[in-house]
Amino acid sequence: MTKLYCSECGFQNTEDGKYCSRCGALLPEAENRAETTLKFSPGTEEREATEMPQGADHVREGTHLVVRSGGDMAGEIFEPINGDTTIGRQQDSDIFLDDITVSRNHAVLLHQDDGYYIQDQGSLNGTYVNRARVETQKLADGDQLQIGKYKMTFIQR
């Protein structure tokens, strides 16, 4: 079976997938799919794509929340604003998640000197990082967040 590499995060997926299993990004269409060569650096677990699948954009640098599942938002990418990024069902939230399982002011993504933190704002259904309910949690690349019915991946490069 051919392996596909996500153009957003570089994760290796099976060819039958439509979305990346790690970050939720839409994978290239079947006719645009090509093999990707990976280069592994000794002593690290990081990998770097040396060739991108045909038709794919270059991997973006920065910090992103990628929606993996949750209604019709799967595959959407949110970039945090400088400072605090509000997440909730309230329409003026920086990240607007329109579902009853999300509180109006559900959580805040805080940008601190040492990284990003997710902070629950007293939501009814809670905020989860890697399946554990949290009040405040520092985020690392690849962390899985759940806010209401929305499952997201935190990506930071």
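**Strands, core and loops of a predicted all-strand chain**

In this predicted model, H64 touches I77, F78, E79, P80, T153, F154 and I155 when residues up to four places away in sequence are not counted. The residue is placed in strand β5. Its relative accessibility is 3%, and it therefore counts as buried, the limit being under 20%. One of the residues that H64 touches, I155, is also its bridge partner in β15.

The chain as a whole contains 15 strands and zero helices. Of its 157 residues, 38% are buried. The accessible surface amounts to about 9,100 Å², and carbon and sulfur atoms hold 43% of that area. Among contacts with a separation of 6 or more, 34% are between residues 24 or more positions apart.

Two open sheets are described here. Strands of a sheet pair through backbone hydrogen bonds, either parallel or antiparallel. One sheet has six strands in the order β6-β5-β15-β14-β11-β12, and its pairing is antiparallel. Its edge strands, β6 (77-78) and β12 (132-134), each pair on one side only. Within this sheet, β5 and β15 run antiparallel and are joined by six bridges. Besides the bridge between H64 and I155, L65 has F154 in β15 as its bridge partner.

On the evidence of its accessibility, β15 is largely enclosed by the rest of the structure, because five of its seven residues are buried. Strand β15 also pairs with β14, in the antiparallel sense and over four bridges. In this pairing, Q146 stands opposite K151. The two strands form a hairpin with two residues between them, and G148 in the turn has a positive phi of about 60 degrees.

The other sheet has five strands, ordered β8-β7-β9-β10-β13, and its pairing is mixed. The edge positions are taken by β8 (95-96) and β13 (136-138), each of which pairs on one side only. Strands β9 and β10 are antiparallel to each other and pair over six bridges. V108 has Q119 in β10 as its bridge partner.

The largest nonpolar core contains 20 residues, and those touching the most other members are L65, I87, L97, I118, L145 and M152. At least two residues of this core come from each of β5 (63-69), β9 (107-112), β10 (115-120), β14 (144-147) and β15 (150-156). The most is given by β15, with three residues. In soluble globular proteins, nonpolar side chains tend to be buried together. The surroundings of one core member, L97, can be listed in detail. With neighbours within four places in sequence left aside, L97 is in contact with M73, I87, G88, R89, V102, I147, Y150 and M152. Of these contacts, I87 and M152 are themselves among the core residues that touch the most other members.

The loops contain further features of the backbone and side chains. S123 lies in the loop between β10 and β11. Despite this loop position, S123 counts as buried, because its relative accessibility is 7% and the limit is under 20%. Its side chain makes a polar contact of 2.6 Å with the side chain of D120. A polar atom of the S123 side chain also lies 3.0 Å from the backbone nitrogen of G126. Leaving aside neighbours within four places in sequence, S123 is in contact with S103, H106 and R133.

The loop between β11 (127-129) and β12 holds N130, and R131 is found in the loop between these strands as well. Most residues other than glycine have a negative phi. N130 is not a glycine, yet its phi is positive, at about 50 degrees. R131 is likewise a residue other than glycine with a positive phi, near 70 degrees. In terms of accessibility, N130 is partly exposed, with a relative accessible area of 43%. R131 is exposed, with a relative accessible area of 81%.

Notes. Residues are numbered from 1 along each chain as its sequence is written. This is a predicted model: local features need pLDDT of at least 70, side-chain atom pairs count only at pLDDT 80 or more; totals for chains, interfaces and linings use all residues. Side-chain values use heavy atoms; hydrogens and water are left out. A nonpolar core is a set of buried Ala, Val, Leu, Ile, Met, Phe, Trp, Tyr and Cys residues joined through side-chain atoms within 4.5 Å. Buried means under 20% relative accessible area, exposed over 50%, partly exposed in between (1.4 Å probe, protein chains only). Contact means heavy atoms within 4.5 Å. Two strands pair if DSSP finds at least two bridges between them. Accessible areas come from the Shrake-Rupley method with a 1.4 Å probe; for residues, only the protein chains shown count as cover. A polar contact is a pair of N or O atoms within 3.5 Å; within protein, one must be able to donate a hydrogen and the other to accept it, and residues adjacent in sequence count only if both atoms are side-chain atoms.
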